[in-house]
Amino acid sequence: MAITPNDVRYMANATAEMFNKNFAFKWQDQHTNKPVRDWRTFTDSMLSIPMAHQMATSYMILDGTKNKQMLKVMRPYQVYATQHVIEGIKKHDFSFAGKNNENNKIGYVWHTTGSGKSISSFKAAWLASKLPNVDKVVFVVDRIALTTQTADNYRAYDPENDTSNSEINGVVSDTANVGALRRQLTSNANGIIVTSVQKLGILAKNDKYKVPDKNIVFIVDEAHRSTAGANFHQIQNKFKRAAWVGYTGTPMFDDTTNGLRTEDIFGKPLHIYTIREAIADGNVLGFKVDFQTTISKEQMEDEYLPNFYRERHPDWDEHQIKEKITHLTPEDIDDSIEPSFYDNNEAHIKLVVEDVFKNWRNRSNEGMYNALFTTHVGGGQASTPMAMKYYREFKRVNTLRAEQGKSTLKVGITFSANTSNSDSMISTNDDLMEAITDYNKTFNKSFGLDDVSGYTADVTTRLNRTADDGQFLDIVIVVDQLLTGFDAPQMNTLYVDRTLRGASLIQAYSRTNRIENRETKPFGRVINYRWPAQNEALMRKALATYANIDSAKLSEDGGDAGTEPPILAKPFKEQLADVRKTVSKLRDLTDGFVETPPSEAKQEETYKLMQEYNAGIAKLKQYDEKPDGDGFNYDDPEQLIIAVGMTPDQEKTLTHALANELKEKVAKIRNVSQIELDLKMEHIKDVEVNYDYLDELVSDLMNQVKEEEHIKVLATKNQILDFTKSMDDRVMAKKIAKFIDMAISGELQADTYPVKPDDSSELIDRAHRQSIDRQLRDFRVKWGIVDDIKGSDMSSWLLTHTEGADDLDRSGQLSTLLRDGSEHYKTLANDEVASLSRIKYRNQLREAIKTLADQLNEV
């Protein structure tokens with residue numbers, strides 16, 4: 001824990017190299033989800049008994065995920081939800097189902113998508129499996145394909161499972177088929193069964209199946225989808241001695257469903273954590289959403305709308321039509337656009353693909369992130385043909401751009417094979433085979449229609465960037481797949497050529513807002529290409545529902561869903577104005593971008609403003625360029641430099657020289673390493689570092705020192721130092737600074753003169769090595785350990801150290817050196833060290849070696 005008078009954080013124990021400040025959590029009030037900042041309130045709640053004991057035992061996760069093993073601690077809202085679930089199960093009477101199974105409903109947990117429901121639901125399932133009144137816990141997923149994936153995730157969290165020993169399986173088991181599910185429900189083992197709602201449904205429909213005489217807790221994942229249709233009602237009626245708990249990020253309410261509400265199926269909400277709260281806590285990102293249509297304003301007013309009204313009102317003259325068009329609202333215009341304009345319209349498809357390519361650099365942060373593209377055709381028609389039209393248009397444009405020497409995009413597509421034996425089956429499967437063949441050629445695979453699931457799984461790894469070969473996709477076209485339950489932090493954009501609403505909208509949008517790197521991914525991007533006014537209204541309605549905790553009370557009091565949530569990115573001009581204010585403050589603090597302020601307080605203030613500047617610029621660079629001047633033009637970045645209130649030279653000085661100088665000063669103030677500071681500057685215009693120029697300066701300096709041309713030496717030294725100020729590579733900048741000192745002092749000599757530019761790199765490295773050797777020699781003499789360890793051995797040892805980590809005694813080197821040094825330091829060390837007592841000598845030498853190791857590894 002870390003406590004100050006005005007802030008409190010708690011975290012799982014971790015080594016220095018594994019510690020992530022994003023997982024140092026604030027405690028929250030149970031009822032409002034607002035952070036607890038006062039240390040007294042924190043100690044009274046989180047550190048009280050038994051809560052403190054529960055946090056250290058029940059609410060820790062031993063995550064055994066391969067290559068990601070670590071200790072995790074649950075966030076406050078996860079803890080509260082789990083507590084409510086377990087308390088409900090403890091009090092539950094399994095012997096009385098009641099009318100329509102009313103007594104079997106424990107409640108549901110509404111935690112927004114991306115907030116960690118997997119950990120919450122596992123912990124609830126695991127703790128429930130240990131209760132004396134529970135015989136079985138069944139975790140229910142909404143798709144058969146998710147059974148194994150969920151079981152694997154749960155096994156990684158299971159403290160009784162040993163991932164290194166296949167014979168120790170823990171308490172989690174999945175179900176390969178309905179027979180396996182039947183056997184596991186009957187067995188006496190008290191564990192967690194992971195199965196699908198489809199398999200449970202088959203058992204429920206079987207009149208001959210006799211439900212075991214056991215108390216069973218059912219925990220249902222994605223409860224908004226799992227419970228759709230009559231299938232789930234049959235399951236609940238079949239299992240009478242049961243307790244039902246739901247987990248969902250998007251519950252069904254009165255105004256979001258025509259069927260049963262989540263509350264009807266599971267009971268009252270047990271705990272709520274909305275998307276608004278998750279964004280405020282920094283657990284997910286907000287959204288930047290654009291609404292546009294491929295019909296231009298001129299085309300709409302001169303062609304589309306006049307033809308629309310001529311057909312519907314043949315008795316109107318041209319003046320009446322013009323008057324009508326003049327007074328149309330955006331909603332009226334949307335109403336006039338027929339679905340046929342969008343569905344399977346080649347012209348529309350070409351314009352959409354053109355827009356994707358045109359704005360790819362902005363939206364993807366120059367290819368750093370990738371995207372999903374979803375399309376759908378209404379009226380009961382198949383959507384896969386239109387998805388394929390998009391796929392083929394991307395292929396056509398890619399071929400054309402490749403011929404022109406322009407960048408291309410790697411595009412994939414995934415949908416299910418057609419097994420319906422209908423008229424469309426052959427064409428659908430032929431389309432899918434075309435895409436699979438292209439994919440196999442691109443990634444050297446051999447998938448076919450007999451392994452579409454394997455193909456889809458491989459596509460997924462190239463979208464979430466987990467593919468073993470490191471080859472990824474830029475865009476994946478889908479109809480419905482991957483729009484729910486898919487996690488890809490390095491996906492930041494969703495292209496939408498369809499209508500989304502309610503829970504489906506929130507689920508789809510939430511594919512883009514996973515935290516990855518806030519500086520380069522400040523929000524999730526969504527671009528809508530149909531009916532802009534209507535789709536914006538649908539979005540605002542969905543956000544107002546799912547960002548508002550009172551939505552769960554609609555069924556009780558008919559209350560309003562709330563006002564517009566503050567979770568959308570600002571318009572470009574507002575964001576620009578915010579950055580201009582920050583730049584103005586930085587101008588004042590740095591005396592017009594000339595120098596860092598002298599006082600420590602002002603330096604800290606400047607540091608925080610630099611962070612604000614970075615966040616603001618990162619956002620501005622991802623706004624699409626518009627004809628009116630809004631947005632960011634990658635081909636003319638100086639426009640944005642001027643717009644935020646600087647000249648190009650000032651921007652360069654601020655983001656290079658001043659930022660580097662400020663990091664050094666703030667690191668000293670805080671007594672930390674520079675690498676621990678969260679200040680990586682966002683450059684509007686990339687500065688080309690001309691290393692040929694540096695090589696010439698280095699060779700000139702060596703030759704001028706040799707010829708004793710003192711005036712030229714000083715001038716060249718200043719030129720090199722000016723050059724290093726523009727370098728983002730601060731390690732190299734420090735090496736160059738060492739080189740300058742040693743070259744001018746005469747410690748560094750070249751093998752031959754005159755020195756040539758090609759010799760520069762070797763001379764800089766030589767200076768670095770000689771500097772380390774000198775530093776180690778002086779250290780060994782000071783502490784009297786010259787005879788105990790060679791300089792080369794000490795260098796090899798200390799340079800394997802990770803800065804800040806407690807790793808210097810892994811093989812006993814530190815202990816041995818402390819022991820040997822303490823035997824004869826009185827005669828070999830310098831006077832100051834020799835005067836120390838043996839205990840002080842050992843303690844101070846230990847700290848001195850740690851400091852030295854950190855210093856060596858800073859460079």
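Colleague: Which residue in E17 is the bridge partner of Lys288?
Modeller: Lys288 has Arg525 as its bridge partner in E17. Before we go on, this is a predicted model: local features need pLDDT of at least 70, side-chain atom pairs count only at pLDDT 80 or more, and totals for chains, interfaces and linings use all residues. Residues are numbered from 1 along each chain as its sequence is written, and side-chain values use heavy atoms, leaving out hydrogens and water.

Colleague: Thanks! How many bridges join E12 to E17, and do they run parallel or antiparallel?
Modeller: There are 5 bridges between E12 (residues 287-291) and E17, and the two run parallel. Phe291 belongs to this pairing too, with Asn528 as its partner in E17. Two strands pair if DSSP finds at least two bridges between them. The strands (E, at least two residues) and helices (H or I, at least four) are DSSP runs, numbered from the N terminus.

Colleague: What does E17 do with E16?
Modeller: E16 (residues 491-497) pairs with E17 in the parallel sense, over 4 bridges. One example is Leu494, whose bridge partner in E17 is Val526.

Colleague: And which helix makes a β-α-β unit with those two?
Modeller: That would be H21 (residues 502-509), and the unit E16-H21-E17 is right-handed. Right-handed here means that, with the strands pointing away from the viewer, the path from the first strand over the helix to the second runs clockwise.

Colleague: Is E17 enclosed or open to solvent?
Modeller: It is largely enclosed by the rest of the structure, because 5 of the 5 residues in 524-528 are buried. Gly524, Val526 and Asn528 point one way, while Arg525 and Ile527 point the other way, and all are buried. Buried means under 20% relative accessible area, exposed over 50%, and partly exposed in between (1.4 Å probe, protein chains only).

Colleague: Let's zoom out. What is the strand order of the sheet?
Modeller: It is an open sheet of 6 strands, ordered E12-E17-E16-E13-E15-E14, with parallel pairing. E12 and E14 (411-413) are the edge strands, each pairing on one side only. On average, neighbouring strands are turned by 20° against each other, direction ignored. Axes are lines fitted to C-alpha atoms, for helices over the stretch in contact, and angles run from 0 to 180 degrees between N-to-C directions.

Colleague: What about E15, which residues point to either side?
Modeller: Ile475 and Ile477 are on one side, Val476 and Val478 on the other, and all of them are buried, so both faces are covered. E13 joins E15 through 4 bridges, with Thr374 partnered by Val478. E14 joins E15 through 3 bridges, and Val411 stands opposite Ile475.

Colleague: Which strands does H18 lie across?
Modeller: H18 (residues 384-403) lies across E13 (370-375), E14, E15 (475-478) and E16, at about 160° to E14.

Colleague: New topic: is Asn535 buried or exposed?
Modeller: Asn535 is buried, with a relative accessible area of 3%. It is found in H22 (residues 532-546). Leaving aside neighbours within four places in sequence, Asn535 is in contact (heavy atoms within 4.5 Å) with Phe291, Arg498, Thr499, Leu500 and Arg530.

Colleague: What does its side chain reach?
Modeller: The Asn535 side chain reaches the backbone oxygen of Arg530 at 2.5 Å. A polar contact is a pair of N or O atoms within 3.5 Å; within protein, one must be able to donate a hydrogen and the other to accept it, and residues adjacent in sequence count only if both atoms are side-chain atoms.

Colleague: Got any adjacent pair like that, say for Thr655?
Modeller: Yes, the side chains of Thr655 and His656 make a polar contact at 3.2 Å. A polar side-chain atom of Thr655 also lies 2.8 Å from the backbone oxygen of Glu651. Thr655 sits in H27 (residues 648-670) and counts as buried at 1% relative accessibility.

Colleague: Last one: how many helices and strands are there in the protein chain?
Modeller: The chain has 35 helices and 17 strands, and 49% of its 859 residues count as buried.
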